[in-house]
Amino acid sequence: MPGSEANARGRSVTLHMVSSLDGFIAKKDNSVSWLDTGSVYEAGVSISDEEAAIFLKTIDCYVLGSRTYEHALQLGWPYGDTPVVVVTGREWPAARESVEFYSGDLKTLVDVTLAPRYRNIWLVGGAMLCQRFLELSLVDEIRLTIAPVLLGEGLRLFGGPLMEKRWNLKNVVGYKNGFVELSYSASSS
Ligand SMILES: NC(=O)c1ccc[n+]([C@@H]2O[C@H](COP(=O)([O-])OP(=O)(O)OC[C@H]3O[C@@H](n4cnc5c(N)ncnc54)[C@H](OP(=O)(O)O)[C@@H]3O)[C@@H](O)[C@H]2O)c1
């Protein structure tokens, strides 16, 4: 689980999502049991809770779309006290001290609001917000975790068509639970 490299501007935006083998990130009913596949890959690595906690401490800020935010509230908050920015055009009641809401231009969000405060920024969904970030070339690294399951239907990884763009494979990790994490950095071309 190597950390993200900050780019020349001093900050790094990592898009991280978990996808099924057929490219879905959520089921139609939003249930998440598909993430517990029961698969075992003996040659894979496993991460202790302590190692995971140390890694999570390297993340300075999470960015998420409002639908992902709503789902995170329902599931049980997974972001601890790490700052979270929720992108939304709606008004929300203040729920947690670590959460702020942002409405407006996404390049301004990254370059003006986040970059001076945070170095390692994680964009964690959903499909719609990640699509916008990719369209605007605001993503420095893609970390895609592939779950060993076909879902057949659901919410597609990215919300619509994207321009062709090359990415450089940086790392591949196969986990004991059968999940594979693929890390790519943006190519300059
Ligand atoms: N498998 C995974 O790794 C993973 C990760 C994250 C999420 N998910 C799942 O994905 C689903 C949610 O994804 P989603 O694509 O439906 O929604 P989303 O991207 O989480 O949120 C979409 C909302 O974000 C706001 N938004 C997006 N772009 C904006 C912009 N440029 N300016 C202002 N607001 C903007 C809008 O909020 P308003 O409508 O409030 O204006 C929009 O409705 C959930 O089921 C969640 O559990 C899965």
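**Close-ups of the ligand site and some salt bridges**

**View 1. Polar contacts hold on to the ligand's oxygens at several spots.** A polar backbone atom of valine 87 sits 3.4 Å from an oxygen atom of the ligand. Keep in mind that this is a predicted model. Threonine 88 joins in with its side chain, where a polar atom is 2.5 Å from a ligand oxygen. At alanine 127 the backbone does the job again, with a polar atom 3.0 Å from an oxygen of the ligand. Taken on its own, the ligand has 930 Å² of accessible area, and the protein covers 82% of that.

**View 2. Here's the shell around the ligand.** Two or more residues each come from β1 (12-19), β2 (24-26), α2 (66-75) and α4 (127-135). Helix α2 chips in the most, with four residues. In all, 22 residues surround the ligand, and those that come nearest are Asn30, Thr68, His71, Thr88 and Arg90. Sorted by type, the shell has 11 nonpolar residues, nine polar and two charged.

**View 3. Arginine 90 pairs up with glutamate 70.** Their side chains form a salt bridge, 3.8 Å from N to O. The two are 20 residues apart and link distant parts of the chain: arginine 90 is in the loop between β4 (84-87) and β5 (99-102), while glutamate 70 belongs to helix α2. Arginine 90 has 45% relative accessibility, so it counts as partly exposed. Glutamate 70 is partly exposed too, at 30%. Arginine 90 is also one of the residues that come nearest to the ligand.

**View 4. Glutamate 153 reaches lysine 28 across the sequence.** This is one of the 10 salt bridges in the structure, with the closest N and O atoms 3.3 Å apart. Glutamate 153 is in the loop between β7 (141-146) and β8 (155-156), and lysine 28 is in the loop between β2 and α1, so the salt bridge ties together parts that are 125 residues apart in sequence. Lysine 28 is exposed at 67% relative accessible area, whereas glutamate 153, at 44%, counts as partly exposed.

**View 5. Helix α4 has a salt bridge of its own.** Glutamate 135 and arginine 132 bring their closest N and O atoms to 3.7 Å. They're three residues apart in helix α4, so about one helical turn separates them. Both are partly exposed: glutamate 135 at 44% relative accessible area and arginine 132 at 37%. Elsewhere, Arg11, Lys107, Asp111 and Asp140 are joined into one network by salt bridges that share partners.

Notes:
Residues numbered from 1 in each chain as written. Predicted model: local features only at pLDDT ≥ 70, side-chain atom pairs only at ≥ 80, totals over all residues. Heavy atoms only, no water. Near = heavy atom within 4 Å. Polar contact = N/O pair within 3.5 Å; in protein donor to acceptor, adjacent residues only side chain to side chain. Areas by Shrake-Rupley, 256 points an atom, 1.4 Å probe, with all protein chains shown as cover. Nonpolar A, V, L, I, M, F, W, Y, C, P; charged D, E, K, R; others polar. Salt bridge = Lys/Arg side-chain N within 4 Å of Asp/Glu carboxyl O. Buried < 20%, exposed > 50% of the residue type's maximum accessible area, 1.4 Å probe, protein only.
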